[in-house]
Amino acid sequence: MNTTALTISPATATVDTYRDLLRDMAGEVADATATLPAGYRRLCAGLESFWESVREHRSTLRPVAESTEGQELLGRIGRPFQHLLYSELVNSGCENPVSQLSPLIEDVRSIARAELRSGRRARQRRRQLLERVGAHCRA
């Protein structure tokens, strides 16, 4: 999918359009993590790849992230990312991955939203989050 010419507004977007975009982003994450064994390193690489993909698609995602309808839609069709994160937490030896998942997802989204608004990478926030996750895993 060529997203460089694609502009999506929450009012006119379809679930399929967002699903296609997230499928492309998931493919980018899969490519970045394909050669890594399951665990903390792959979790970190996947999150970094996700944030970079958000940056790459920011012109498409920004209007969505700024609307309530868009956030709800992305939350619903973003469930495969949640399953991937949970799986990586389990494979990382994370203590109680069920209780870690929701805060991790919220922190990942918060960083992505901040980067969409500012147009810059939140390197320190990214690093702090990954270190915090590592403290709960066998990193």
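**Questions on a predicted helical chain**

M25 is buried, its relative accessible area being 1%. The model is a predicted one.

Me: In which element is M25 found?
Reply: M25 has a relative accessible area of 1% and is buried, because buried means under 20%. The element in which M25 is found is helix 1.

Me: Which residues does M25 touch, not counting residues up to four places away in sequence?
Reply: M25 sits in helix 1. The C-alpha atoms of M25 and E56 are separated by 9.5 Å, with their positions 31 residues apart along the chain. Not counting residues up to four places away in sequence, M25 touches F50, S53, V54, H57, L61 and F81.

Me: How many helices and how many strands does the secondary structure of the chain come to?
Reply: From the N terminus on, the elements run α-α-α-α-α-α-α. The secondary structure therefore comes to zero strands and seven helices.

Me: What percentage of the contacts in the chain between residues at least 6 apart in sequence join residues at least 24 apart?
Reply: The chain has 139 residues, and buried residues make up 41% of them. The accessible surface of the chain is about 7900 Å², with 49% of this belonging to carbon and sulfur atoms. Among contacts between residues at least 6 apart in sequence, the share that joins residues at least 24 apart is 65%.

Me: Which residues that line the largest pocket are the closest to its centre?
Reply: The largest pocket has a volume of about 730 Å³. Its lining holds 31 residues, and the closest to the centre are F50, G78, F81, V108 and R109.

Me: Which helix gives the most to the lining of the largest pocket?
Reply: The largest pocket has a volume of about 730 Å³. The elements that give two or more residues to its lining are helix 1 (15–33), helix 2 (40–56), helix 3 (58–65), helix 4, helix 5 (79–91) and helix 6 (97–118). With seven residues, the element that gives the most is helix 6.

Me: How many residues of the lining of the largest pocket are nonpolar?
Reply: The lining of the largest pocket has 31 residues. Five of the lining residues are charged and seven are polar, and the number of nonpolar ones is 19.

Me: Why are the buried residues of helix 3 on the same side of the helix, and what arc do they cover?
Reply: In helix 3, the residues T60, L61, V64 and A65 are buried. They are on the same side of helix 3 because of the arc they cover around the axis, which is only 120°. An α-helix has 3.6 residues a turn, so residues three or four places apart point the same way. The arc covered is 120°.

Me: Is Q71 buried or partly exposed?
Reply: Q71 has its place in helix 4 (residues 68–77). Q71 touches V64, A65 and R113, not counting residues up to four places away in sequence. The relative accessible area of Q71 is 41%, and since partly exposed lies between 20% and 50%, Q71 is partly exposed.

Me: What distance separates the C-alpha atoms of Q71 and L61?
Reply: L61 is one of the buried residues in helix 3, while Q71 is in helix 4. Q71 and L61 are 10 residues apart along the chain, and their C-alpha atoms are separated by 10.0 Å.

Me: With which residues is N91 in contact, leaving aside its neighbours within four places in sequence?
Reply: N91 lies in helix 5 and counts as partly exposed at 38% relative accessibility. N91 and P37 are 54 residues apart in sequence, yet 9.3 Å apart in space, C-alpha to C-alpha. Leaving aside neighbours within four places in sequence, N91 is in contact with A38, G39 and R42.

Me: What is the phi of N96?
Reply: N96 lies in the loop between helix 5 and helix 6 and is partly exposed, with a relative accessible area of 49%. Most residues other than glycine have a negative phi. N96 is not a glycine, although its phi is positive, at about 50°.

Me: Is S102 buried or exposed?
Reply: S102 is found in helix 6. The C-alpha atoms of S102 and Q82, 20 residues apart along the chain, are 8.7 Å from each other. The relative accessibility of S102 is 53%, and because the cut-off is over 50%, S102 counts as exposed.

Note on methods: Residues numbered from 1 in each chain as written. Predicted model: local features only at pLDDT ≥ 70, side-chain atom pairs only at ≥ 80, totals over all residues. Heavy atoms only, no water. Helix = DSSP H or I, 4+ residues; strand = E, 2+ residues; numbered from the N terminus. Buried < 20%, exposed > 50% of the residue type's maximum accessible area, 1.4 Å probe, protein only. Contact = heavy atoms within 4.5 Å. 1 Å grid on protein atoms, 1.4 Å probe; cavity = no way out; pocket = protein on both sides within 12 Å on 5 of 7 lines; lining within 4 Å. Points joined across faces, edges and corners; volume = space filled by probe spheres on them. Nonpolar A, V, L, I, M, F, W, Y, C, P; charged D, E, K, R; others polar. Arc of directions from axis to C-beta. Areas by Shrake-Rupley, 256 points an atom, 1.4 Å probe, with all protein chains shown as cover.
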